[in-house]
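Open the model in a viewer and keep the sequence panel visible. The stops below can be selected one after another.

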Amino acid sequence: MAKAIMVQGTMSNSGKSFLTAGLCRVFMQDGYKVAPFKSQNMALNSYITKDGLEIGRAQAMQAEACGIEPAVEMNPILLKPTSQVGSQVIVNGEVRGNMKAMDYYRDKTKLRADVMEAYRRLDQEYEIIVIEGAGSPAEINLKDNDIVNMGMAKMAKAPVLLVGDIDRGGVFAALYGTVKLLEEEEQQMIKGLVINKFRGDVEILRPGLRMIEERLDIPVVGVVPMECLDIDDEDSLSDRLTRTRKGAGVDIAVIHLPHISNFTDFAVFERMEGVSLRYVHTPGMLGNPDLILLPGTKNTMDDLQWLRESGMETLILRQAERKIPVVGICGGFQMLGKILEDPFGVEHGGTMRGMGLLDTRTVFDQAKTRTQAFGRMEQGAGLWTDWEGRDVTGYEIHMGKTENLGGCRELIRLSDGRTDALSNGDATVLGSYLHGIFDTDGFAEAMIKKLMADKGLDFGDWEFDLRAHKEQEYDKLADLVRRSFDMKKIYEILEAGIGC
């Protein structure tokens, strides 16, 4: 039977996912068999496991930090927002259906059994489980039938660390208010307070630390300094999406769609010298980039409508006329075609004209494609010319199928015989369903070399090993946690459970 510890936060984006991964890495380094767990995740960044099941990207990242393969048990419920009031509900990696928020919260107690069954499977296999909460446990309108914060802590009998984000201000009020809005029994389950994203001299903070400890009778077990590490982000609150300024060298513009998903696809470009990757939120920000990337989206048709109504589509089409390369991934790939049809009302319903940059038709159906994918670039084209004859990897998460109407070049043959990746005649417009294709060793570098050559720039001898880089970043995260936390106290809390 595993010992458990839970990380909750005073608000979203307080650093729960980050610190959960850090604790996972520390426990792994200390010789324990450890796994992450989040009962219910709401995020548009998702991941496909080896057995074709969908979980939150954060839990996949945390599993990597543990040195284990991501599994569906680590995130039994995933909510992918489709509108302001509704989400696609994914249970045990499979789509259960689209639900309005009110209907989901009314019926979510029925999912308690799924949550506990997943947790029990991890409990039988691992020595330590690090559980992540969601949002804040003090969202008193959602406390009834809670299965993700204190409700989950009770089910797992897990002591809780409460994390506050000092960078946004008001951290002591947030910690105090969060604790005091809980029931007395729940307050007793919080065994440690953590101040996250601190800048400055911790000695100046100490009077506040003593005061919050006295008022809540809960020790501060960590003050974590603000530190930039290259760890996959979970959702649309990511700091990555605030990178909007053009830099020197190759200028890559990612269109920030309203329902943007899996933007971690483009993280590799951020690591390259001489490359400026920025997110474009409004038409006035687009300018004249060297490459336009259309990312994945949870709602292709709604986001295509936004492109059209905002004027962004017109600007992208003008750049395409100038032969500026445009690359679409997943939903972005679907938008590039001539026609999108939704006969079952999976997204928007009806038929919509696409951007017309690829001679394709996409038909949305009720079955969701979820698979890790392997293939070969049988025909190189445009930015992908130098990859002809070489292997690519990635994963697919999409509703609908895209058909070549005859005017596209077919580039990738997948191991299961299907075709992926299409281009227009002169290969200035490219599309693929493969999330993670740019993480294929050397693939993104080949693209940038070609862009730099076109600008008369020298790529140099830059090389990048993604696997080694991730391991290095997880070790840095573990070092940060060890320096910032009272790990002796953390192990005492872990050992004592909720009885201390």
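Select Ser39 in this predicted model; the residue sits in the loop that runs between β2 (34-37) and β3 (40-42). Is Ser39 buried or exposed? Its relative accessibility is 0%, so Ser39 counts as buried, the cut-off being under 20%. Now show polar contacts: the Ser39 side chain reaches the backbone oxygen of Ile147 at 2.6 Å. Expand the selection to what Ser39 touches beyond four places in sequence, and you get Asn75, Pro76, Ile77, Val115, Ile147, Val148 and Met152.

Go next to the start of the chain and pick Ala2, in the segment before β1 (3-9). With a relative accessibility of 12%, Ala2 counts as buried. Which residues does Ala2 contact, leaving aside neighbours within four places in sequence? They are Asp123, Tyr126, Glu127, Ile128 and Ile129. A distance to draw here is the one from Ala2 to Pro36: C-alpha to C-alpha it is 12 Å, across 34 residues of sequence.

Two helix pairs come next. Select α1 (residues 16-29) together with α15 (residues 487-496); their axes come within 13 Å and cross at roughly 90 degrees. That angle makes α1 roughly perpendicular to α15. Show side chains at the crossing: from α1, Leu23, Val26 and Phe27 meet Met487, Ile490, Tyr491 and Leu494 of α15. By residue class, the contact of α1 with α15 has seven nonpolar members, no polar and no charged.

Then switch to α2 (residues 57-66) and α14 (residues 466-484), whose axes come within 10 Å and cross at roughly 85 degrees. Here too the angle makes the pair, α2 and α14, roughly perpendicular. On the α2 side the contact uses Arg57, Met61, Glu64 and Ala65, and on the α14 side Lys470, Glu471 and Tyr474. How do the residues of this contact of α2 with α14 divide by class? Three are nonpolar, none is polar and four are charged.

Move on to the nonpolar interior. In soluble globular proteins, nonpolar side chains tend to be buried together. The largest nonpolar core in this model has 73 residues, and those touching the most other members are Ile255, Phe269, Leu307, Ile316, Trp384 and Phe438. Colour helix α13 (residues 443-454) as well, since this helix supplies the largest share of that core, seven residues. Centre on Phe269: beyond its neighbours within four places in sequence, Phe269 is in contact with Ile252, Val275, Leu277, Leu293, Phe438, Ala444, Met447 and Ile448. Apart from this core lies another, of 48 residues, including Phe37, Tyr126, Ala158 and Leu216.

Finish with two loop residues and their backbone angles. Select Lys157, in the loop between α5 (150-156) and β10 (160-165). Its phi is near 55 degrees, a positive value in a residue other than glycine. Lys157 counts as exposed because its relative accessibility is 58%, and the cut-off is over 50%. The last selection is Asp217, placed in the loop between α8 (202-216) and β12 (220-225). Asp217 is not a glycine, yet its phi is positive at about 55 degrees. Is Asp217 buried or exposed? Asp217 is exposed, with a relative accessible area of 69%.

Methods
Residues are numbered from 1 along each chain as its sequence is written. This is a predicted model: local features need pLDDT of at least 70, side-chain atom pairs count only at pLDDT 80 or more; totals for chains, interfaces and linings use all residues. Side-chain values use heavy atoms; hydrogens and water are left out. Helices (H or I, at least four residues) and strands (E, at least two) are DSSP runs, numbered from the N terminus. Buried means under 20% relative accessible area, exposed over 50%, partly exposed in between (1.4 Å probe, protein chains only). A polar contact is a pair of N or O atoms within 3.5 Å; within protein, one must be able to donate a hydrogen and the other to accept it, and residues adjacent in sequence count only if both atoms are side-chain atoms. Contact means heavy atoms within 4.5 Å. Axes are lines fitted to C-alpha atoms, for helices over the stretch in contact, and angles run from 0 to 180 degrees between N-to-C directions. Angles under 35 degrees count as roughly parallel, over 145 as roughly antiparallel, 65 to 115 as roughly perpendicular and the rest as oblique. Ala, Val, Leu, Ile, Met, Phe, Trp, Tyr, Cys and Pro count as nonpolar, Asp, Glu, Lys and Arg as charged, and the others, Gly among them, as polar. A nonpolar core is a set of buried Ala, Val, Leu, Ile, Met, Phe, Trp, Tyr and Cys residues joined through side-chain atoms within 4.5 Å.
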